[in-house]
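Good morning, and thank you for making time for this item. I would like to take you through the contacts between the parts of one model, beginning inside a chain and then moving to the chain pair.

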Amino acid sequence: MPFEVKDCTLITRMAGISTAMNLRELQERVIICPEECLFHHFSETVIRPTFDDPEFHNDFAVWARRQLRDRVLAERLGIINPYKLNSLEELRLLVLDIIEERLSEVHHIPWAPPGHDFQFMQAVTVVFDTGMVLKTPEDLCELLPRMSHSSIYYHFVEARRRCDDKRDDFSNWLDGFDEDVRPLTEALGNVEFYFVALWELQKRLIRAVEKALPECAHE
Amino acid sequence: MSRTLLDYEPVVGPDAISQLRQAARDLKGATVVHVNSTREGGGVAEILAWLNPLMVDLGLDARWEVVEGHPEFFGVTKAFHNGLQGGEVMLTDRQVEVYEQTVKDNAERLRPLLESADFVVIHDPQPAHLLAACPNRKGKWIWRCHIDASHPNRKVWNYIRSQVQGYDASIFSMPQFAQRLHHPQFIIAPSIDPLSEKNVDLTDDEIKATLEKYGIDSNRPVLTQISRFDRFKDPIGVIRAFMLLNGTVDAQLVLAGGGATDDPEGAVVLEEVKAAANGNPDVNILLLPPDAHRIINAIQRASAIIMQKSLQEGFGLTVTEAMWKGKPVIGGNVGGIRLQVHNHYTGFLVDTPEGAALRIRELMNRPEKMAFMGRTARKFVTENFLLNRHLREYLTLMLGLRRGLANHLMAD
């Protein structure tokens, strides 16, 4: 079965919740915000038209560090990997637990400077055809370097939300081939995908494929 | 002269054009009517001048209509504009009456088109009352607010909200500009047209000739701020930063902008700027006509660093233009400049003239860093702030409104 490579973009919108000006308000809003909003601030950050923050990979941690100036909170939030959790509700509980712990530690509720409130957003993922088709596992060697970062995001990161088994699209597709591609599937399964920028993820995927399929890497 | 998608393909690439065609496939033949208040002058007219023909090129039945009115009407809409930006303005019953009656008069002419259209996009507050004047609407109505409405005058906003609440969706340029409304509020950042007079590639000869014409030495580095002579753009802060260099950097400063002749406050600020320059021969103050796009283009391209040391800013398209030309930007730490200027990557954000002077000195002494920032800036704009992204977001938003806003939307 050929693999049709897709690309994607976001339509971003306000989540319909008031902004948070301080940590207490952040707690109150996280309780009520839609799941899509949590997903956006934890996972879709990498394909928005912004620069990657080199330190933190979710918006809550970035806001805690830059606006609340609370490095402790930022570090605790920054280490969360939403893909290690079973659901977005589990993610919500973990974020609330961290915020509540911090609220119990500080003497004064940290505030953001005026104009730097936390804006709650969500997005619709719009999917496009690229015309690129993988017919065999070996095609990954040639086509992975040509894929856009948003294609990598769609098939290797976002897929885990879309697919019931929480795996990436490439691995699911490789399951349709013989046993001898298992090392490739395992190699892809070992690639760290959340705490890296998309350009870095693409490099790691290329390296994993070349290692698992050395014959096509030298072609 | 309107351009086609094919004209843009060499700049944005075939994949970007393919995405536009896919997004438009299900919208082919749909009637889209944009309504604003002027065909010439201002950012909205500039956007519609490319957006409308490109939608037509994609197979949509796109139209651009303009509301007409007498000076009293535009006086009221100017008050709306200022009020949405937070200005202290009065809003009387008489003003509301003039506004609504003028829009109703326009509706007599536009009603058949607007009521039958699949999508109506109303730009800014001037035509907003058209929704109330078109009760038998068939399609989706979208209010596009181009204004920084983050801190509006409450009285003005309460009135505008009563006019836009009934729309199917609204669009703001940045999350910070959005206001609470009972319909989906989308965020679509502005963009630049890479083939416009302001951004198209120029020959070295044209750039050199422009510098000569305006008395700028082409053999010494140029620092430039392009902006109206407006206190919020802090031109005097830029001069202070330049003076703080105190000869440690061999450079010239250019402050270029237009609009002062018909703007009483602009003329006052221009005089203040001239006084602050105090006859320094390395400070060039250029008052340019509103259509001096190629001149501005040439000056930006000739510059080593672009300044945009605003104290308050909407999105800051002059920053986008500079970055498109591969220039590092030293910008004020405000508004949309923060979305574009990223410390150590595309430039520096500063809060004071001292900070600006420090960063100018740093960059002028590190040409390799300037070159890196210029390359990064150009790439960032190419990926995020060109018109193809802007058009794609309009199309996908319309597609989303038509099909429903699920988590995923297949464009094909």
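Let me begin with the boundary inside chain A, where domain 1 and domain 2 bury about 1300 Å² between them, with carbon and sulfur atoms giving 63% of that area. On the side of domain 1 that touches domain 2 in chain A, the largest share comes from helix 2, residues 35-43, which supplies 4 residues. The residues on that side of domain 1 of chain A divide into 10 nonpolar, 7 polar and 3 charged.

I should say at once that this is a predicted model. Every value I quote is accordingly computed from predicted coordinates.

To place that boundary, domain 1 of chain A covers 17-119, and domain 2 of chain A covers 128-217. Their centres, taken over C-alpha atoms, are separated by 30 Å. In terms of residues, 20 from domain 1 of chain A are in contact with 13 from domain 2 of chain A.

What polar and ionic pairing is found between these two domains of chain A? The count of salt bridges between domain 1 and domain 2 of chain A is 0. There are, however, 4 residue pairs in polar contact between domain 1 and domain 2 of chain A, both residues being at pLDDT 80 or more.

I turn now to chain B, which is likewise assigned two domains: domain 1 takes 5-191 + 386-403, and domain 2 takes 204-384. Domain 1 of chain B is thus given as two segments of the chain. The C-alpha centres of the two domains of chain B lie 31 Å apart. Their contact draws on 10 residues from domain 1 of chain B and 12 residues from domain 2 of chain B.

The buried area between domain 1 and domain 2 of chain B is about 870 Å², and 69% of it is on carbon and sulfur atoms. Which residues of domain 1 of chain B lose the most area to domain 2 of chain B? They are Met174(B), Pro190(B) and Leu386(B), which together account for 50% of what that side buries.

Between domain 1 and domain 2 of chain B the salt-bridge count is 0. Here the rule finds 1 residue pair in polar contact, again with both residues at pLDDT 80 or more. The side of domain 1 of chain B that touches domain 2 of chain B consists of 6 nonpolar, 1 polar and 3 charged residues.

That leaves the interface of the two chains. Chain A and chain B bury about 2700 Å² between them, 59% of it on carbon and sulfur atoms. Chain A contributes 27 residues to the contact, and chain B contributes 32. Between the chains there are 0 salt bridges, while 9 residue pairs are in polar contact, with both residues at pLDDT 80 or more.

Which elements of chain A give two or more residues to the side that touches chain B? They are strand 1 (3-14), strand 2 (121-134) and helix 7 (149-162) of chain A. Strand 1 of chain A gives the most, with 8 residues. By class, the side of chain A that touches chain B divides into 11 nonpolar, 8 polar and 8 charged residues.

Strand 2 of chain A also pairs across the interface: 3 bridges join it to strand 13 of chain B, residues 408-410, and the two strands run parallel. Within that pairing, Thr125(A) has His408(B) as its bridge partner.

Thank you; I am glad to take questions.

Notes: Residues are numbered from 1 along each chain as its sequence is written. Chains are lettered from A and ligands numbered from 1 in the order in which they are written. This is a predicted model: local features need pLDDT of at least 70, side-chain atom pairs count only at pLDDT 80 or more; totals for chains, interfaces and linings use all residues. Side-chain values use heavy atoms; hydrogens and water are left out. Domain bounds come from an automatic or database domain assignment. Contact means heavy atoms within 4.5 Å. Buried area is the accessible area (1.4 Å probe) that two parts lose on being put together, summed over both. A salt bridge is a side-chain nitrogen of Lys or Arg within 4 Å of a carboxyl oxygen of Asp or Glu. A polar contact is a pair of N or O atoms within 3.5 Å; within protein, one must be able to donate a hydrogen and the other to accept it, and residues adjacent in sequence count only if both atoms are side-chain atoms. Ala, Val, Leu, Ile, Met, Phe, Trp, Tyr, Cys and Pro count as nonpolar, Asp, Glu, Lys and Arg as charged, and the others, Gly among them, as polar. Two strands pair if DSSP finds at least two bridges between them.
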